[in-house]
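Got the viewer open? Grab your mouse and let's take a walk through this chain, one selection at a time.

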Amino acid sequence: MKLYVSVAARIRALIDESVLRPGDKVFSLRQASQKYNVSISTALKAYELLEADGLINSHPQSGYYVSPRKAASKRETPRREFNLSHAELVLSTLRSIREFGTIPLGSPFPDAHLFPVKAIHRYETTLNSDEAEWGVLNDLPPGNESLRQQIAKRYLKHGLDVSPRDIIITHGATEAINLCLQAVAKPGDTIALESPGYYALAHAVERMGMKVAEVRTHPTEGIELDALAALIQNVKVGALLLTTNFQNPLGALMPDAKKKALVDLLAQQQIPLIEDDVYQELYFGDEIPKLTKSYDQQGLVLHCASFSKSLAPGYRVGWTLAGKYRRDVEKLMFLNSVSIPSAPQIAIAKFMKRDSYEQHLKNLRHALKCNYVLMRKAIEDSFPQGTQISTPTGGYVVWLELPEAIDSLNLYQQCLEKGISIAPGPLFTRKKELINYIRLNFSHQWTPSIEQAVRDVGSLARKMLANQPS
Ligand SMILES: Cc1ncc(COP(=O)(O)O)c(C=O)c1O
């Protein structure tokens, strides 16, 4: 590589990785020549190259500055992702949504615009001196008391009488689930999971040296009880880990009678049920769905949830109501991370107490429901004939079964090249299945560019189908 090209590449990397940000002054030519051990004329050639690429601009008498970012015109052609391991594929999709300008249809996160970020932030920055000084002690596990009281109030809405003492605050639902798994099972145990299901659950199980047993999940009613019963009969199952309300990626909502039957089935064998319930508040209908916890007579249900999807995605505040495993989980929480920061817990508690959490949730559900209708219409208009679209009654993802000839990893790659991220089906199973499925996120503000992106994915899928040898 020519010397000036290599200097330009090193400065480009600093800009790409935001070490140097738009408006920042870049080294003078003299500094660059010393730093990279090149002549001033080589440094000048490197700067001319960066200028021609629109990455920096020169200000007379003042020097060179990083240019404002343009929409992803400088997108690098993404790596081909076909030979990645499952974990690498997960990371690749997450990385893809972070790339500047990408349309995040494959994102697992809700659109930040849906949340009262400023109001919560205000509470976070106005802690009183007691809160600031003593939070480190007061909010040790099980966590901030006022927040636990607010969460207990939410349980009351579900008809559940819960003591704040039984609630343990965690780093998002992810930590709650990890701790619950550790509390109820040990390395070598088999943990039953849904298929398709949220990929991080399988990774959590495997990371702890436990084995994953996938059980089919019905597209609208949740895990297949017959298949689960058959598994339990044949294998010693350490726990079941699942989502009954607006399952990710299907959007399935398990009917109440089935929730009760599930709890009863597991109780017969004393199998703990870890319910991952992060989407419960996002229902489109008139009533909040029931929790499996409502049917739990023996303390075998460990309910895990968070504010990540309903109020404050960036705050990483979750919790668990761990039934008869509460003490074990609390101990593990101490051992695992001592505690979580006080300020986000206090801010959320104050928001719930003083602001209209209920009104926020109403607005959130309404926005998500409207987006779903719009995205569904765009999908129906633009995807190939034969595409099956799930009918979520809550949450913010829709699951598509494309015609069999379409390889979603290939489609994922082609979409990335157009600056659109989608979540390909193989993410949601540890088997080599779900090749012709994708998941799309409809939480983002419905703009012409989001709509166009959905239509572009549909048209790429149609082209892939048309190009198949007959
Ligand atoms: C089913 C499910 N559970 C848990 C999580 C993660 O929750 P948290 O962000 O609170 O850790 C997600 C995030 O996408 C999810 O879809």
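Start by selecting P142, which sits in the loop between helix 6 (129–138) and helix 7 (145–157). Look at the bond leading into it: the peptide bond from P141 to P142 is cis, with omega near 15°. Keep in mind as you click around that this is a predicted model.

Now jump to P196, in the loop between strand 5 (190–195) and helix 9 (199–207). Here too you'll find a cis bond, this one from S195 to P196, with omega near 0°. Those are worth a pause, since most peptide bonds are trans.

One more proline while we're at it. Select P341, in the loop between helix 12 (326–337) and helix 13 (342–354). P341 is partly exposed, with a relative accessible area of 48%. Now add D139 to your selection: 202 residues separate P341 and D139 along the chain, yet their C-alpha atoms are 8.0 Å apart.

**The start of the chain**

Select residues 1–69. UniProt, in an unreviewed entry, gives this stretch the feature "domain: HTH gntR-type". The span is 49% helix and 12% strand, and its end C-alpha atoms lie 26 Å apart.

Two residues in here deserve a click. N37 is in the loop between helix 2 (29–35) and helix 3 (40–52). Its phi is near 55°, a positive value in a residue other than glycine. N37 is also exposed, at 70% relative accessible area. Then try Q61, in the loop between strand 1 (56–59) and strand 2 (63–66). Q61 has a positive phi as well, near 70°, and this residue is exposed with a relative accessible area of 85%. Why flag these angles? Because most residues other than glycine have a negative phi.

**Colour by domain**

Time to zoom out. The domain assignment splits the chain into domain 1 (3–66), domain 2 (86–114 + 360–466) and domain 3 (117–354). Notice that domain 2 is written as two segments. The contact between domain 2 and domain 3 takes 32 residues from domain 2 and 28 residues from domain 3, and the centres of these two domains, taken over C-alpha atoms, are 26 Å apart.

**Into the core**

Show the side chains of L105, F307, I348, L411 and L440. In the largest nonpolar core, which has 110 residues, these five touch the most other members. Where does that core lie? Between domain 2 and domain 3, because both of them give residues to it. Apart from it lies another core, of 20 residues, including V215, V237, L266 and L273.

Go back to F307 and look around it. Which residues is F307 in contact with, leaving aside neighbours within four places in sequence? They are L147, I151, A312, P313, V317, W319, I348, M352 and Y357.

**Follow the sheet**

Switch to the cartoon view and find the open sheet of eight strands. Their order is 4-11-10-9-8-5-6-7, and the pairing is mixed. Strand 4 (167–171) and strand 7 (222–223) are at the edges, each with a single partner strand, so each has one side without a neighbour in the sheet.

Step inward from strand 4 and you come to strand 11. Strand 4 and strand 11 pair in the antiparallel sense over five bridges. To see the match-up, select H171, which stands opposite V317, and T170, which stands opposite G318. Is strand 11 (residues 317–321) covered or open? It is mostly covered, with five of its five residues buried. On one side you have V317, W319 and L321, and on the other G318 and T320. Strand 4 is mostly covered too: four of its five residues are buried.

Next comes strand 10, which pairs with strand 11 in the antiparallel sense over four bridges. A305 has W319 as its bridge partner in strand 11. Continue to strand 9 (residues 273–276): four bridges join it to strand 10 (residues 301–306), and here the two run parallel. Select E275 and you'll find its bridge partner in strand 10 is H303.

**Last stop: the cysteines**

How many disulfides are in the whole structure? A search finds zero. Select C180 and C304: C180 is in no disulfide, although the sulfur of C304, its nearest cysteine sulfur, is 3.7 Å away. C180 is buried, with a relative accessible area of 0%, whereas C370 is partly exposed, at 33%.

Definitions and conventions. Residues numbered from 1 in each chain as written. Predicted model: local features only at pLDDT ≥ 70, side-chain atom pairs only at ≥ 80, totals over all residues. Heavy atoms only, no water. Core = buried A, V, L, I, M, F, W, Y, C linked by side-chain atoms within 4.5 Å. Buried < 20%, exposed > 50% of the residue type's maximum accessible area, 1.4 Å probe, protein only. Domains from an automatic or database assignment. Contact = heavy atoms within 4.5 Å. Pairing = 2+ DSSP bridges. UniProt positions renumbered as here; feature names shortened; annotations may be inferred. Disulfide = S-S within 2.5 Å.
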